[in-house]
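Student: Could you take one part of this model and look at it closely with me? I would like to follow the contacts of a single residue and then see how its pairing sits beside others of that kind.

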Amino acid sequence: MLWETVRLAFRAILRNTLRSVLTVLGVVIGVAAVIAMVTVGQGSSDAVAAQVESLGSNVVMLRPGSSQMGPGGRDSAPEFTVRDVEALQDLPVVAAVAPSVTSGQTVVFGNANRPTQIRGTSAEYLIVSNWPLATGRAFTESEERSGAAVCILGQTVRAQLFGAGNPLGETVRIKGIACQVIGVLAAKGAGTFGQDQDDTVLMPVRTVQRRLDGSTTVSSISISVDRSVTTDQGIREIEALMHERRRINIGEPDNFSVMDMKQVGSMLSSINGVLTGLLSAVAAVSLLVGGIGIMNIMLVSVTERTREIGIRLAVGATARQVMTQFLIEAVVLSVLGGVIGIVLGLALAFAGAQFLSIPFSPSLAIVALAFCFSAVVGVVFGFFPARRAARLDPIEALRHQ
């Protein structure tokens, strides 16, 4: 008997195909939006975690100014110098130190050119950032001290200027400087916020300071703490050295900040999780709208089929059977919308992950939850119309035109 009730429910749905499709659409959009938002958000968090993990658990960033968000602080704080870098290298807790000075320039080779970011740094930048060379060599100590016109290309710049050719030993022009290519970085891909990390050129810090930037300051310093000590201990010794070099007395606020990159990654993942949750909650509202749409259509269906219900009750169908039929119709509509929404949501999430260059990280738990929630929507919003159909008086129903 149950199978007969299910068959009648499916026949009623197929009898009004267009109306059924439009009814299902609300659930499809809700489920797809939730799954797409959560999956893309999880992929973004995984990308942040992978990038921080690639740096290692012992990397800290030294910047001028306060670490607090908001106006002021950094603008009034003195920048670092190469002497600060040399002093940090003498600390026993420090394994590697890499200064950083950036300058936006256009790199030219023959008829090809590429606007990119020039980073003035040292050979230890490759160690601190865990970024190997694909080919060539790093800067020598003499090149760093003399400010030699040598450079290491990122993969994006190499491909733009040289295509499949070998750039080693070739000379590129950067702001009128003839710079010899001595190495090429390995491909690293997109960064935390989707930026192309391979769109860069490394040069000795003194070269950038003297010939591109026209200054003697260092904007930031990346430090790899020795693995024999904890990161917290390394940060304490770095802060003590900076207090001494920047003449900061006890009780005075720091005009620099030391950030543990692992903590920064955790903070970014946390913020990303909150935003994903908020967006998913907004998207879930459309599920509620879809449920209301199902209830509305089922109420219309009960009104349209009042005479049919009366005939069924008159020939022996029980109120429970009538109620089951309409409840099954509502559940089938919502579950069908849930299945289509899951497929569409995963497809949108995959496309978004490819566009943003982040991992595609679908969650089976979210997929199962979305499916169950769509079924619950059908039960909850289909119950009232089904009960209304079951409570119809057979005689009054037969009189209905």
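Tutor: Leaving aside the neighbours within four places in sequence, Glu143 is in contact with Arg137, Ala138, Ala148, Val150, Ile182 and Pro204. Please keep in mind that this is a predicted model, and that Glu143 itself belongs to helix H5, which covers residues 141–146. With a relative accessibility of 11%, Glu143 counts as buried, because the cut-off for that word is a relative accessible area under 20%.

Among the contacts of Glu143 is Arg137, and the side chains of these two residues meet in a salt bridge, with 2.7 Å from N to O. Side chains of opposite charge can pair when their charged atoms come close. Arg137 is partly exposed, at a relative accessible area of 35%, whereas its partner Glu143 is buried. The side chain of Glu143 also reaches the backbone nitrogen of Thr140, at 3.0 Å.

The pair of Arg137 and Glu143 can now be set beside other pairs, since the structure holds 5 salt bridges. One of them joins the side chains of Asp84 and Arg245, with 2.6 Å from N to O. Asp84 lies in helix H3 (residues 82–89) and Arg245 in helix H8 (residues 231–245), so this pair ties together parts that are 161 residues apart in sequence. Here the acidic residue, Asp84, counts as buried at 7% relative accessibility, while Arg245 is partly exposed, with a relative accessible area of 34%.

Another salt bridge is formed where the side chains of Asp199 and Arg114 meet, at 3.0 Å from N to O. This pair, too, links distant parts of the chain, for Asp199 sits in the loop between strand S8 (177–185) and strand S9 (200–204), and Arg114 is in strand S4 (residues 112–121), 85 residues apart.

For a view away from the charged pairs, turn to the surface, where Leu18, Leu22, Leu25 and Ile29 form a nonpolar patch with about 420 Å² of accessible area together. One of these residues, Leu25, is placed in helix H2, which runs over residues 17–55. Leu25 is partly exposed, with a relative accessible area of 44%, whereas Glu143, where we began, is buried at 11%.

How values were computed
Residues are numbered from 1 along each chain as its sequence is written. This is a predicted model: local features need pLDDT of at least 70, side-chain atom pairs count only at pLDDT 80 or more; totals for chains, interfaces and linings use all residues. Side-chain values use heavy atoms; hydrogens and water are left out. Patches are made of residues with over 30% relative accessible area and no salt bridge: like charges are joined within 9 Å, nonpolar side chains (Val, Leu, Ile, Met, Phe, Trp, Tyr) within 5 Å. Accessible areas come from the Shrake-Rupley method with a 1.4 Å probe; for residues, only the protein chains shown count as cover. A salt bridge is a side-chain nitrogen of Lys or Arg within 4 Å of a carboxyl oxygen of Asp or Glu. Helices (H or I, at least four residues) and strands (E, at least two) are DSSP runs, numbered from the N terminus. Buried means under 20% relative accessible area, exposed over 50%, partly exposed in between (1.4 Å probe, protein chains only). A polar contact is a pair of N or O atoms within 3.5 Å; within protein, one must be able to donate a hydrogen and the other to accept it, and residues adjacent in sequence count only if both atoms are side-chain atoms. Contact means heavy atoms within 4.5 Å.
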